[in-house]
Amino acid sequence: MDGPSDEDNSSQKSSETLLDPLQENVKAIGVLTSGGDAQGMNAAVRAVVRMGIYVGTKVYFIHEGYQGMVDGGDHIVEAKWENVSSILQMGGTVIGSARCKEFRTHEGRLRAAYNLVKYGITNLCVIGGDGSLTGANHFREDWQGLLKELTDDGKIDEETADKYSHLNIVGMVGSIDNDFCGTDMTIGTDSALHRIIEVVDAIMTTAQSHQRTFVLEVMGRHCGYLALVSALACGADWVFLPEKPPADGWEDHLCRKLSKNRAGKKRLNIIIISEGAIDCHNNPITSDMIKDLVVKRLGYDTRVTILGHVQRGGTPSAFDRILASRMGIEAVLALLEASPETPACVVSLSGNQAVRLPLMECVQMTIAVQKAMDEKRFDDAVKLRGRSFENNLNVYKALSHMKISALPPPTPFSVAVLNVGAPAAGMNAAVRSAVRLGISEGHKMLAVTDGFDGFMNGQIKEIKWGDVGGWTGQGGSLLGTKRTLPVNNLKAIAEQIRLHKINALLLIGGFEAYLGLLELLAGRAKYDEFCIPMVMVPATVSNNVPGSDFSVGADTALNAIADTCDRIKQSASGTKRRVFIIETMGGYCGYLASMSGLSAGADISYIFEENFDIQELQANVRHLTAKMKTSVQRGLVLRNERCSENYTTDFIYQLYSEEGKGIFDCRKNVLGHMQQGGSPSPFDRNFGTKIAAKAMQWISDKVNVYYRQGEGRVFANSHDSACLLGMRRRTLVFQPVSELRDITDFKHRIPKEQWWMDLRPMMKILAKYNVDFDMPIAGKIEHLRQNGTFESRNTIAI
């Protein structure tokens with residue numbers, strides 16, 4: 001890997017010089033942000049600019065969105081590498097965004113086309129909402145006619161018109177509402193959820209002190225995603241959504257539920273309402289209406305909080321930075337591969353995959369949702385939003401309220417839940433979800449404290465619905481967790497299973513939980529008590545569990561690291577020429593170091609999975625030395641805690657300090673256990689809740705399948721009765737743990753292959769290293785089904 005030369009970092013020529021389209025065979029990329037701003041837009045702009053420069057294409061900023069395209073002049077400026085430095089952590093959009101009525105007119109689009117042709121821009125990357133992307137598609141459809149008109153008017157010649165006869169469009173959706181069909185998440189949504197949850201967590205403390213009811217209004221004029229997921233993430237008592245309005249008589253139902261919760265000694269009530277909430281007759285429901293209802297009917301001290309544009313502000317989350325960076329790189333690749341026959345596409349997220357979808361298919365699906373709501377076909381509206389939205393809604397309904405009248409008869413099954421390994425944020429959300437769903441299925445739920453230590457000592461007791469109230473936002477493990485493995489205590493654990501008549505087991509934890517499940521599975525040969533359905537939910541900051549792309553807790557750790565890196569980089573703003581060496585957790589797994597490097601804009605990250613030597617360390621020093629000669633005079637180096645036995649954090653610090661003498665100085669930070677602490681992120685709360693709910697549904701199915709009525713017991717001895725539930729590419733998959741052995745590096749406690757390694761070249765490209773970026777196949781455009789899922793499975797995993 002070679003660093004940049006001094007020449008690469010020299011000052012560039014003025015960007016005011018126009019490209020002569022007849023002299024240079026370059027079809028440049030223009031990038032603009034349009035419509036409302038969203039956190040993460042700057043990360044997307046940065047990725048487009050740097051990937052464009054990496055592949056040798058000129059990239060132009062189009063300031064102030066379509067207005068800048070129409071006005072031209074100083075609004076269209078060539079982007080240089082350093083222009084996008086230090087913007088990764090900034091909210092909003094540094095190139096500006098504006099609504100533009102002129103662009104909707106033929107004359108406005110004609111001026112815009114002329115301005116683009118002057119700069120040789122025939123590749124357009126648009127970051128905005130559905131309106132902005134639809135406008136881009138109309139512009140593309142008009143392009144040839146606009147060029148003909150410019151030719152007829154003598155503004156361009158026929159050779160120029162022929163050379164730039166096709167306009168390629170790729171969109172990225174930047175919208176905090178997550179209201180665009182065809183993508184699991186839009187840029188800015190996760191950051192908006194962070195702002196909402198920060199407020200909810202703060203409100204809950206004061207509400208508990210005074211026994212108050214809070215009505216919290218969040219954004220989402222036509223889409224209830226923010227309201228729904230924040231309700232899931234904080235365990236709200238009620239949520240109002242435009243896609244699923246309450247039935248007639250909702251006022252009575254709401255008041256009954258609030259009064260019942262108070263009677264159950266719950267000191268606060270949280271009601272979340274989307275700004276576009278309606279009733280089943282399409283009449284608006286407002287936050288003030290709800291407040292007046294609660295005060296009049298129940299007499300509760302009730303307050304309204306309207307978050308407004310707070311949700312758009314602040315620093316983008318680690319998730320949004322990574323998402324926007326991946327989308328920006330994929331957008332450039334899509335533009336380079338586009339032909340005149342390629343339709344305008346939008347880069348979307350499906351699971352952990354970046355996919356390309358026809359822009360207008362997504363727009364039409366988004367319009368269809370609104371039409372369904374207007375026609376009061378609310379069930380159709382929910383389905384059209386996509387499977388993720390529908391699953392969120394179903395899980396919220398199952399967990400928010402225990403309906404005694406709707407509970408099935410008690411089953412003969414007892415299910416035990418325990419945490420194993422190191423604590424991870426989101427564990428408590430997973431336990432709450434499992435307990436409540438199990439109770440709603442009619443099972444007796446048992447809580448095991450202190451992992452396998454507590455199991456063998458009989459620290460097992462029944463846990464009720466109300467016992468897990470308020471657990472969603474709590475960090476750590478309220479059940480208690482230890483790293484002890486069961487292998488030396490199988491007899492004692494088997495005895496506790498027999499005494500408590502446990503019929504199924506749910507383990508929530510990291511690599512120790514995986515090893516423990518394998519040991520319990522092996523114990524079936526000696527103890528029949530282990531012949532019960534057993535399932536594991538991965539929860540560890542290290543994200544090193546085989547069989548799952550994500551683990552509960554890893555996102556919270558990434559945000560902690562990204563936030564710390566932001567603060568460290570900011571401290572260098574007044575002290576130039578400084579390099580920071582930061583050590584992250586993760587054991588031998590380089591996930592945290594790699595993904596936080598991508599989200600924090602690190603110059604390099606050292607991990608165990610990617611071998612490095614002294615020559616590479618020296619090349620990295622030269623890279624930073626060259627960087628210090630530019631206007632960006634600070635560096636960030638991340639090191640996974642066990643990336644090398646000999647190249648320790650101290651060694652790297654001393655090497656950089658020595659080699660950088662007279663050019664830059666160094667500082668080092670070992671982040672330590674702060675990465676495990678704090679309140680769980682919205683992603684971890686939501687992921688923990690949904691994955692544990694799915695695990696409990698699996699348990700309910702298995703205990704019924706393996707129940708021997710004559711013996712009054714559950715007996716499961718097949719390999720698929722001991723599974724790990726993990727996210728694999730796009731779906732949650734149950735995998736027999738016996739089949740995961742072959743893909744596990746037990747010595748280093750990591751999977752043998754890890755999906756995020758494919759993202760490593762991206763980080764290096766964005767840090768200006770000369771690396772090979774080989775794509776396995778050409779990207780293909782997929783298509784949407786009517787339920788919002790995808791038809792094709794051929795996509796690039798970046």
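This text walks through two strand regions of a predicted model.

The first region is an open sheet of four strands, arranged in the order S7-S8-S6-S9 with parallel pairing. Its edges are strand S7, residues 238-240, and strand S9, residues 302-306, each of which pairs on one side only. On average, neighbouring strands in this sheet are turned by 15° against each other, direction ignored. Strands of a sheet pair through backbone hydrogen bonds, and the pairing may be parallel or antiparallel.

At the S7 edge, three bridges connect S7 to strand S8, residues 269-274, and the two run parallel. One position to look at is Val 239, which stands opposite Ile 272 in S8. Helix H7, residues 225-234, lies across S7, S8 and strand S6 (213-218). Relative to S8, helix H7 runs at about 165°.

The second region centres on strand S17, residues 534-538. This strand is mostly covered, with five of its five residues buried. Met 534, Met 536 and Pro 538 point one way from S17, while Val 535 and Val 537 point the other way; all are buried.

Strand S17 pairs with strand S16, residues 504-509, in parallel through five bridges. Here Gly 509 stands opposite Pro 538 of S17. Together with helix H17, residues 511-522, strands S16 and S17 make a right-handed β-α-β unit.

Strand S17 also pairs with strand S24, residues 722-728, again in the parallel sense, over three bridges. In that pairing, Met 534 has Ala 722 of S24 as its bridge partner. Met 534 is also among the buried residues of S17.

Note on methods
Residues numbered from 1 in each chain as written. Predicted model: local features only at pLDDT ≥ 70, side-chain atom pairs only at ≥ 80, totals over all residues. Heavy atoms only, no water. Pairing = 2+ DSSP bridges. Axes fitted to C-alpha atoms, helices over the stretch in contact; angles between N-to-C directions. Contact = heavy atoms within 4.5 Å. Buried < 20%, exposed > 50% of the residue type's maximum accessible area, 1.4 Å probe, protein only. Right-handed = clockwise from strand over helix to strand, strands pointing away.
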